[in-house]
Amino acid sequence: MNKMKWLLALLLTQQTVSAQRNHFADVLDVRYEVKDTNRIATSFFSDNGAWHAYALPVPGTATGFTGPLLMDMKGEWLSKAIAQLHLYADGRELPLQQDTTATHYYPGLLQLGFYSGQIAVRMQLVFSSSRETVIQTVIRNNGAQPLQLRLQWEGAALLKRAQFSREGNNVRVGVTGTKHVFRLHWCAQAPWDIQTTADGYTAAREVSIPAGGELEDLQTQGFWPDGHMVVAPEREFDIVLQKNEQRWNGYLQQLFRRMPFTEKDRFRSRLAVKSMITLLTNWRSAAGHLRHDGVFPSASYQGFYGFWSWDSWKQAVGLVNFAPSLAKDNIRSMFDYQTASGMVPDCVYADSTENNFRDTKPPLAAWAVWEIFAATRDTAFLREMYPALDRYHRWWYAERDHDRNGLCEFGSTDGTRIAAAWESGMDNAVRFDKAKMLHNGPGAWSLDQESVDLNVYLSKEKTILAQIAAVIGQPAAGALRKEAAILDRQINQLFFDTASGYYYDRKLTGELVRVKGAEAWVALWAGIAPASRVKKMAQYMLDTTVFNTLVPLPVLDASEKAFDPQRGYWRGPVWIDQFYFGVKGLQQYKQQAAARTLVNKLWQHAAGMRDDQPLRENYHPLTGKGLNAVNFSWTAAHVLLLLSDKF
């Protein structure tokens, strides 16, 4: 079946939708047993920008979906399984065994199966909105006699601050010290016997199921992190499921329209869907002080419970492949907090008192906006963003050019070196080991070295701002192009060492910081390096003693004494954004074979690319082991960019 026929069938037939979901089943392993409310370094399922999540139980541990995980400024598991099913016949509980063949994590849906004798149970969970999930439980009597059962749901809190209370056919859960409201609601009009304690509840009713018949039980579970509870009208599950399928079909349709392969390429199609799911699981809707939807770097790591500027630019370029509206909001969420002077904060949170204005991040916002425009042709979005992008660009020269020579430095607003290193995005990179801080003016400090990647990004921004200005009829296009040309000459004259054939950071004294790192090859990505320099740089990138490791293109030369991938963070691992800049740069200069070789090694050796393990924050270049945070958004975004290019 060709791509268009497949997509048409996907949109039109329930049977094909189910088959397609089965095709992508278990692209991530989300089976999990909660033992510690604060342990969240795992894979789980969230959707629609919700602030709660679930997982599938390890067989034998629960008779309902694991969770929920409640998210705000951090993540905490409310329960082992907040709604566990128990069935009783003649006062005797029927043992429910998990049916592993009917238990799956599909794109957009969790499914869980159980059986007990002639009874078969199927549970399906979908997110109906950014605040609520709907769980359908179908109990089928495969026997020859009718059944009289007591259907009972039970839930208990692991989170000690949780408080349960009954409200009609609802159980409400609050969390002391927060505004959180979690609610379970049973949709059946029949009366429920609901009992609550301080830390749990039971909800039961008597049911009758004829021989060969089945019973549907429908419940909703909602989480409102800021306490503003707005409940959606009840809908039949088929309607909720249909809307869910239409939305996910839309994602899949857009995704595969932009990919140069079909679903028959099982490796690439599964990896693309895994990347899409990673981004959608990390999607959070506007809540608290977050005014637009955005994407966490990783909901599986407490330290990343916010929206981060560098991450957001990169995530948006991946998101536009299947969710352009979310890609735009991901940009807006950061510019909502742009200062009057033009600075964009490093990260923003649902509690804005935690926002980090000590530093910003490398300027890739204009690139992200242009890539969104390239995919959508939305000139209104360009007009909306251009003034903010221009202010952000000019801010760098006002606050981060210590000697006013037109070359910028990374820095901070509080004078601390650690915040200046954060601003680079490469927090503990070896090139900054001997850097010191210089005072530029009130609230403005710089490192005493000009960074090659920062100035390349600024050059790229000038070129893109000129392109945007030309599209929307702004007069600045010509001046911006001239600025870019001047900056390109400076970069190529002052940051390049002809003896070694490589780009390096530069001290304000003029001395080069001779540490080979990923910062150099962004000059290839931006297309500003003279063609005559590419051959030597490509040799380094293909040298097995320098950058062509098992998983290639670590952020630091593998022969450096300080090379330490396991513990080094930015001192040796492979980061997929920097990997992308490297191979895209080679491709720009028609080094297609070299780029393809490196990409194939990534696919072959990096954990999570060919199995159901999660995508990681970075990778060990000598072993392929995934390192640091799991389910990392910018890794997913750049995997999509790599898949969409014909390497």
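UniProt positions are given in the numbering used here, and annotations may be inferred rather than shown by experiment. The exercises below concern a predicted model.

**Exercise 1. Annotated domains**

Task: State which residues each UniProt domain annotation covers, and describe the secondary structure of each range.

Solution.
Step 1. The unreviewed UniProt entry lists "domain: Glucosidase YgjK N-terminal" for residues 36-161. Over this range the chain is 0% helix and 51% strand. The C-alpha atoms at its two ends are 14 Å apart.
Step 2. From UniProt, again an unreviewed entry, comes "domain: Mannosylglycerate hydrolase MGH1-like glycoside hydrolase", covering residues 306-635. Here the chain is 44% helix and 11% strand, and the end C-alpha atoms lie 17 Å apart.

**Exercise 2. A five-stranded sheet**

Task: Determine the strand order of the open sheet of 5 strands, and identify its edge strands.

Solution.
Step 1. Strands of a sheet pair through backbone hydrogen bonds, either parallel or antiparallel.
Step 2. In this sheet the order is S5-S4-S11-S16-S15, and the pairing is antiparallel.
Step 3. S5 and strand S15 (193-197) each pair on one side only, and are the edge strands. From one strand to the next, the twist averages 30°.
Step 4. Within the sheet, S4 pairs with strand S11 (residues 147-156) in the antiparallel sense, over 5 bridges. His86 stands opposite Gln152 in S11.

**Exercise 3. A three-stranded sheet**

Task: Determine the strand order of the open sheet of 3 strands, and give a residue that stands opposite Leu438.

Solution.
Step 1. The order is S22-S24-S23, with antiparallel pairing.
Step 2. The edge strands, each pairing on one side only, are strand S22 (411-412) and strand S23 (437-441).
Step 3. S23 pairs with strand S24 (residues 444-447) in the antiparallel sense over 4 bridges. Opposite Leu438 stands Ser446 in S24.

**Exercise 4. Backbone geometry**

Task: Locate the cis peptide bond that joins Gly67 to its partner, then decide whether Asp90 is buried or exposed and whether Asn631 is buried or exposed.

Solution.
Step 1. Most residues other than glycine have a negative phi, and most peptide bonds are trans.
Step 2. Gly67 and Pro68 are joined by a cis peptide bond with omega of about 15°. Pro68 is found in strand S2 (residues 66-71).
Step 3. Asp90 has a positive phi, near 55°. Asp90 lies in the loop between strand S4 (84-89) and strand S5 (92-94).
Step 4. Residues over 50% relative accessible area are classed as exposed. Asp90 has 82% relative accessibility and therefore counts as exposed.
Step 5. For Asn631, phi is also positive and near 55°. Asn631 occupies the loop between strand S31 (626-630) and helix H16 (633-644).
Step 6. The class "buried" requires a value under 20%. Asn631 is buried because its relative accessible area is 8%.

**Exercise 5. A buried leucine**

Task: Place Leu458 in the secondary structure, and give its C-alpha separation from Trp396.

Solution.
Step 1. Leu458 lies in helix H10 (residues 452-472).
Step 2. With a relative accessible area of 0%, Leu458 is buried.
Step 3. Leu458 and Trp396 are 62 residues apart along the chain; their C-alpha atoms are separated by 8.7 Å.

**Exercise 6. The largest pocket**

Task: Give the volume of the largest pocket, and describe its lining.

Solution.
Step 1. The volume of the largest pocket is about 410 Å³.
Step 2. Its lining comprises 23 residues, of which Phe304, Trp308, Lys361, Asp427 and Tyr569 lie nearest its centre.
Step 3. Helix H5 (309-319) and S31 each supply at least two residues of this lining.
Step 4. Sorted by class, the lining of the largest pocket has 14 nonpolar, 4 polar and 5 charged residues.

**Exercise 7. The cavities**

Task: State how many cavities of 30 Å³ or more the whole structure holds, and describe the lining of the largest cavity.

Solution.
Step 1. The search finds 4 cavities of 30 Å³ or more.
Step 2. The largest cavity has a volume of about 50 Å³.
Step 3. Residues lining the largest cavity include Met426, Arg431, Lys516, Glu519 and Trp570.
Step 4. The lining of the largest cavity consists of 7 nonpolar, 1 polar and 3 charged residues.

Definitions and conventions: Residues numbered from 1 in each chain as written. Predicted model: local features only at pLDDT ≥ 70, side-chain atom pairs only at ≥ 80, totals over all residues. Heavy atoms only, no water. 1 Å grid on protein atoms, 1.4 Å probe; cavity = no way out; pocket = protein on both sides within 12 Å on 5 of 7 lines; lining within 4 Å. Points joined across faces, edges and corners; volume = space filled by probe spheres on them. Nonpolar A, V, L, I, M, F, W, Y, C, P; charged D, E, K, R; others polar. Pairing = 2+ DSSP bridges. Buried < 20%, exposed > 50% of the residue type's maximum accessible area, 1.4 Å probe, protein only. Axes fitted to C-alpha atoms, helices over the stretch in contact; angles between N-to-C directions.
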